[in-house]
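Let's take a walk through a protein structure together. Have a look at the sequence and the 3D view, and then we'll start from one small spot and work outwards.

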Amino acid sequence: MRPILTAFASGLLLLWSSGIVRAQFSSAASQSDHLALAKKDLLADSSRYFYNPRPLMPGTAVMNLGISLSLLPEPLVEQEIPAPAIDFQYKRGLTNSLSFYATVSTNYFTNVLMPGIQYNGGDDGLSYAIGNGIAFFAGYIDLGGEFDRNSAAAIADVPILRVGHHFEQVAVSLSLACTYVLYADTHIGSLEDKGIKYKVDDVWLTLAFEQPFYGQTRISTGMSLTYSRTPYQIWMLYNVFDQYLVIPEFFFSFQL
Amino acid sequence: MRAIPSAVLILLCTCASRANAQDARSGTVPYHVEAHIELGPMASDFLRGRPLPQGASRTTMGYDAIVRLMWHPDHLLAVGLLSGYQLLVAENYVVPDSLSSGSVHASLHAMPVMFDVSMQVRSLEVGVGLGGYILTTMLDDLTTARASRFELGTIFHAAYHWRLQDHLSLGAEALVSYMAYRGILAIAPQLDIEYDLLTY
């Protein structure tokens with residue numbers, strides 16, 4: 001009788017212990033998997049924005065396509081006039097801290113390309129980035145008469161500082177940047193001017209909101225305030241105001 | 001240009017409303033097409049004063065009626081169109097001359113035509129309308145002279161809604177209109193009737 005009882009008890013113990021161990025193992029494994037997945041999701045989710053300076057995972061990229069409207073300053077155009085442009089933005093994680101970014105903005109008459117590198121840090125609570133880009137600007141318009149063949153070209157260094165906070169699904173970012181003009185050449189008919197070379201021409205502040213819009217589609221919305229002596233958006237106008245002007249800009253873009 | 005600090009403020013408010021309800025909405029809540037009808041008195045401040053008539057008060061009273069049609073998908077953001085009618089000022093003056101008794105009626109009306117973006121969290125809605133106004137001046141003497149002009153402008157609005165029925169809610173809204181070119185800032189406390197036209 002005793003061996004039978006012992007065997008029965010041993011079987012129960014084995015079943016119980018194996019169950020516990022299996023359950024514990026399973027629970028620990030699933031917790032670990034769950035945490036890893038959650039972390040991966042969090043990283044993947046929170047990094048999928050252009051303006052938010054949360055570090056991008058290496059190899060991942062973000063692309064935005066949208067429009068922006070700049071309000072041309074009243075002193076130059078009598079009343080505020082919106083100047084539209086199509087914007088394309090690209091950001092790619094190079095390492096855990098470094099990312100490459102590029103923006104293209106065009107409305108046919110005014111074209112800007114700005115590639116750059118930025119160092120990213122922080123987390124969802126507070127993220128930051130410091131970067132530097134080189135802006136290439138080119139514009140051409142033929143107004144006819146005395147003002148035919150107007151063109152402008154410039155190259156500028158653009159240091160930028162970004163800070164951001166990620167709410168549950170809304171990422172808010174603030175960027176501060178300036179342009180230091182390395183090269184500038186403007187032709188108005190037969191006249192030529194290189195006046196803004198080796199000067200800080202613009203300082204701008206951008207407030208961006210990035211969030212899901214419908215389904216999995218995400219959008220970026222926000223506004224920029226540019227403080228500029230020679231706003232690039234109105235390079236073709238005859239600017240006699242040697243003073244800083246304020247140019248507000250509103251933007252709206254979809255993440256591709 | 002003076003609208004900028006206000007725009008920043010409204011965007012910050014929009015952000016502050018956060019996305020707490022967003023998870024709850026995501027994936028489970030259908031899309032809506034919402035109509036808003038808003039009515040209320042309106043006080044306007046001519047920030048740079050009124051040159052004519054001489055001695056005119058900077059502040060005037062009028063009313064406004066706004067209609068918004070919004071597409072509200074399964075997250076916080078809603079987008080749509082905003083329009084309506086705003087009476088900024090309507091006054092009678094006496095300007096006697098050899099041809100008439102001098103009684104003149106003058107008024108300034110605005111019709112906003114805007115793209116509206118708002119964020120809705122539970123019962124709170126904060127939004128901004130970007131676009132312009134068709135401003136019409138009317139001068140009624142022996143004859144009526146009318147002049148219209150399109151000018152850029154902005155509307156900020158914030159409302160709290162109480163649901164009355166499945167598709168109907170009533171809200172108290174604060175609406176701020178800014179007309180940059182003329183320097184007019186108008187504030188209107190409004191009643192906001194919201195109706196879900198379509199749910200899918």
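Find A:Ser105 and look at what surrounds it: apart from residues within four places in sequence, A:Ser105 is in contact with A:Ala85, A:Ile86, A:Asp87, A:Thr110, A:Asn111 and A:Val112. Keep in mind that this is a predicted model. One of those neighbours deserves a second look, since the side chains of A:Ser105 and A:Asp87 make a polar contact at 2.9 Å. A:Ser105 itself sits in strand E3 of chain A, which covers residues 98-106.

Is A:Ser105 buried or exposed? Its relative accessibility is 15%, and buried means under 20%, so A:Ser105 counts as buried.

Now hop along chain A to A:Ala171, in strand E7 (residues 171-188). A:Ala171 has 0% relative accessibility, so it counts as buried too. What does A:Ala171 touch, if we skip residues up to four places away in sequence? The answer is A:Tyr49, A:Asn52, A:His165, A:His166, A:Ala208, A:Phe209 and A:Glu210. Here's a nice way to see folding at work on the page: A:Ala171 and A:Gln211 are 40 residues apart in sequence, yet their C-alpha atoms are 6.4 Å apart in space.

Let's zoom out to the whole of chain A. It has two helices and eleven strands. Reading from the N terminus, the order is α-β-α-β-β-β-β-β-β-β-β-β-β, with a strand sitting between the two helices. Of the 256 residues in chain A, 41% are buried. If you take the contacts in this chain with a separation of 6 or more, 54% of them are between residues 24 or more positions apart.

Chain B can be read the same way. How many helices and strands does chain B have? There are two helices and eight strands, and from the N terminus they run α-α-β-β-β-β-β-β-β-β. In chain B, 48% of the 200 residues are buried. Among its contacts between residues at least 6 apart in sequence, 61% join residues at least 24 apart.

Next, the inside of chain B. The largest nonpolar core has 17 residues, and the members that touch the most other members are B:Leu88, B:Leu108, B:Tyr133, B:Leu135 and B:Met179. Two or more residues of this core come from each of these chain B strands: E1 (32-46), E3 (77-94), E4 (103-121), E5 (124-140), E7 (168-179) and E8 (184-199). Pick out B:Leu135 and, leaving aside neighbours within four places in sequence, you'll find it in contact with B:Leu88, B:Leu108 and B:Met179, among others including B:His109, B:Ala147 and B:Arg182. There is also a second, separate core of 14 residues, and its members include A:Phe209 along with B:Leu76, B:Val117 and B:Met119. You've met A:Phe209 already, as one of the residues A:Ala171 touches.

Last stop: empty space. Rolling a probe the size of a water molecule over the atoms shows where empty space is left. Searching the whole structure turns up one cavity of 30 Å³ or more. The largest cavity has a volume of about 50 Å³. Which residues line the largest cavity? A:Glu74, A:Gln79 and A:Glu80 do so from chain A, and B:Leu152, B:Ala180 and B:Tyr181 from chain B. By type, this lining divides into three nonpolar residues, one polar and two charged.

Technical notes: Residues numbered from 1 in each chain as written. Chains lettered and ligands numbered in written order. Predicted model: local features only at pLDDT ≥ 70, side-chain atom pairs only at ≥ 80, totals over all residues. Heavy atoms only, no water. 1 Å grid on protein atoms, 1.4 Å probe; cavity = no way out; pocket = protein on both sides within 12 Å on 5 of 7 lines; lining within 4 Å. Points joined across faces, edges and corners; volume = space filled by probe spheres on them. Nonpolar A, V, L, I, M, F, W, Y, C, P; charged D, E, K, R; others polar. Core = buried A, V, L, I, M, F, W, Y, C linked by side-chain atoms within 4.5 Å. Buried < 20%, exposed > 50% of the residue type's maximum accessible area, 1.4 Å probe, protein only. Helix = DSSP H or I, 4+ residues; strand = E, 2+ residues; numbered from the N terminus. Contact = heavy atoms within 4.5 Å. Polar contact = N/O pair within 3.5 Å; in protein donor to acceptor, adjacent residues only side chain to side chain.
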